[in-house]
Amino acid sequence: LNNKAVELGDGKDKKGQRVKVYGRIHELRVQKTTTFITLKDGYGYLSCLLPAGDLTRNYDALTFAIETALVVYGEMRAVPEGASAPDNRELHVDYFKVLGRAPSDLDAITNRVSMLQDPWDAQMLDNRHLVLRGENASAVMKLREFVELAFIDTYREMEFRKVSPPAMVQTQVEGGSTLFKYDYYGEEAYLTQSSQLYLETVMQSLGNVYCIEKSFRAEKSLTRRHLSEYTHVEAELDFIDFNDLLDHIEEIISRVVDKVLADETMKAYIERLNPNFQRPTRPFLRMRYSEAIDWLNAQDPPILNEEGNPHVFGDDIAEAAERKMTDIINRPILLTHFPVEIKAFYMKKDPEDPRVTESVDVLMPGVGEIVGGSMRMDDYDELIEAYKKNGIPHEPYYWYTDQRKYGSSPHGGYGLGLERFLAWLANQHTVRTCSLYPRFMGRCKP
Ligand code: 4AD
Ligand code: MG
């Protein structure tokens, strides 16, 4: 007897041996002579065969239900010709013990839940801790881990340095309306909306920098792609121009996708969750905001703005219009040169057309915006002017402004929403299923 737990998913050398395996019942099929069980342990799946005779005599076996925790003993054998099982092996069980019973009401919540079921369903959200046990929900989480590590690997290859800026701050980045305020020892403070401003202050000492931290937005609408707490992949590049920034963004997205597809397990998840996925072809389509406005108006019928009118220069391209456009074009778009008025205070103006900024959003089919970035205003006086124009008191930003005082440089960066990237990659209807425990207006549990 092998007294150590066998790691599911690594049985090749264990074939033909008697082993002991811990797991939970993932699938259960009771037949006349045999009960078939698929066990899972978070690493993999294992088919187990139990002779029916044992079951009818054993009370524990009669209470088998999915999610029941078990330890099983038996002989590991290769599956017979023509049959199929995970890793081509099955355990012929001769003894088992129930470690933790489960009631038989979980089927609908775990295994049978596919990403196609309603992600707005309050029962699903209340039971997120159980939904996560399902095959699709857990596959998305495994993919998420891999993607996060693939970003880290790629940044390391590119010699970017990882930092951890604070989450508790006293400055806004992306507008006052989505700030989470709280009391910080009697002072007003916020949960950070983005680590960008801090990244801009450390590239002088550390070189190109990045972080993967939480960002917080008090979003007051319920959409498919807005969370109030999300994971933000942000980077800041020193001594670059706008084209360098665009090239870099395209490069890092492509490399991360390549790493995912180069991994057998991850590739299998993508094939299951997103069978029509195609590696984006390079170069990505580059389109100016003004061209997008023309494109929207040129559709038949035209894609209208939020007021129901044709788009005019200066309009925000709202979520619905943006997604329609991206879905029709059906490939990644680097949308650039947004008007000054609809973009954040820190964005650098295009030297050739001061009405617009050197800004970029990356749009993906099915999701729309997954990245927002820009060149940063690097002139001291211009920045002071921008605070004024945007009604932002400049004092709390002294540390940010100082960057323009002590050896300013042309630089830029971007933020990528990890959940949105995953929604695109894993074909999820909403970012909610790309977050372990999603937070949005009206939901702060489990
Ligand atoms: O476009 P945003 O607001 O840009 C910034 O925060 C910049 N300061 C980032 C930077 O340049 N370092 O946000 C960047 C990305 C969006 O494109 C989107 O993918 C994601 O963050 N994001 C959200 N994801 C989920 N829920 C929300 N409420 C999000 N808000 C933004
Ligand atoms: Mg944005």
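This report describes the domains, some paired strands, one loop residue and the ligand surroundings of a predicted model.

The protein chain is divided into two parts, domain 1 covering residues 2–100 and domain 2 covering residues 130–434. When the centres of domain 1 and domain 2 are taken over C-alpha atoms, 46 Å separate them.

Strand S5, residues 69–78, runs antiparallel to strand S2, residues 18–30, and is also joined in antiparallel fashion to strand S6, residues 89–100. The table sets out these two pairings together with one bridge from each.

| Strands joined | Bridges | One pair of bridge partners |
|---|---|---|
| S2 and S5 | Seven bridges | Lys20 and Tyr73 in S5 |
| S5 and S6 | Ten bridges | Glu75 and His92 in S6 |

Further along the chain, Tyr185 lies in the loop between strand S9 (180–184) and strand S10 (187–191). Tyr185 counts as exposed because it has 5 C-beta neighbours inside 10 Å, where 12 or fewer is the limit for that class. Although Tyr185 and Gly134 are 51 residues apart along the chain, what separates their C-alpha atoms is a distance of 43 Å.

Ligand 1 is surrounded by 24 residues, and the closest are Ser194, Gln196, Gly372, Gly415 and Gly417. The elements that give two or more residues to this shell are strand S12 (229–238), strand S18 (368–375), strand S19 (411–417) and helix H14 (418–425). Sorted by class, the shell around ligand 1 is made up of eight nonpolar, nine polar and seven charged residues.

Conventions. Residues are numbered from 1 along each chain as its sequence is written. Chains are lettered from A and ligands numbered from 1 in the order in which they are written. This is a predicted model: local features need pLDDT of at least 70, side-chain atom pairs count only at pLDDT 80 or more; totals for chains, interfaces and linings use all residues. A residue is near a molecule or strand if its C-beta atom, placed from the backbone, lies within 6 Å of it. Helices (H or I, at least four residues) and strands (E, at least two) are DSSP runs, numbered from the N terminus. Ala, Val, Leu, Ile, Met, Phe, Trp, Tyr, Cys and Pro count as nonpolar, Asp, Glu, Lys and Arg as charged, and the others, Gly among them, as polar. Domain bounds come from an automatic or database domain assignment. A residue is buried if 20 or more other C-beta atoms lie within 10 Å of its own, exposed if 12 or fewer, and partly exposed in between; C-beta atoms are placed from the backbone. Two strands pair if DSSP finds at least two bridges between them.
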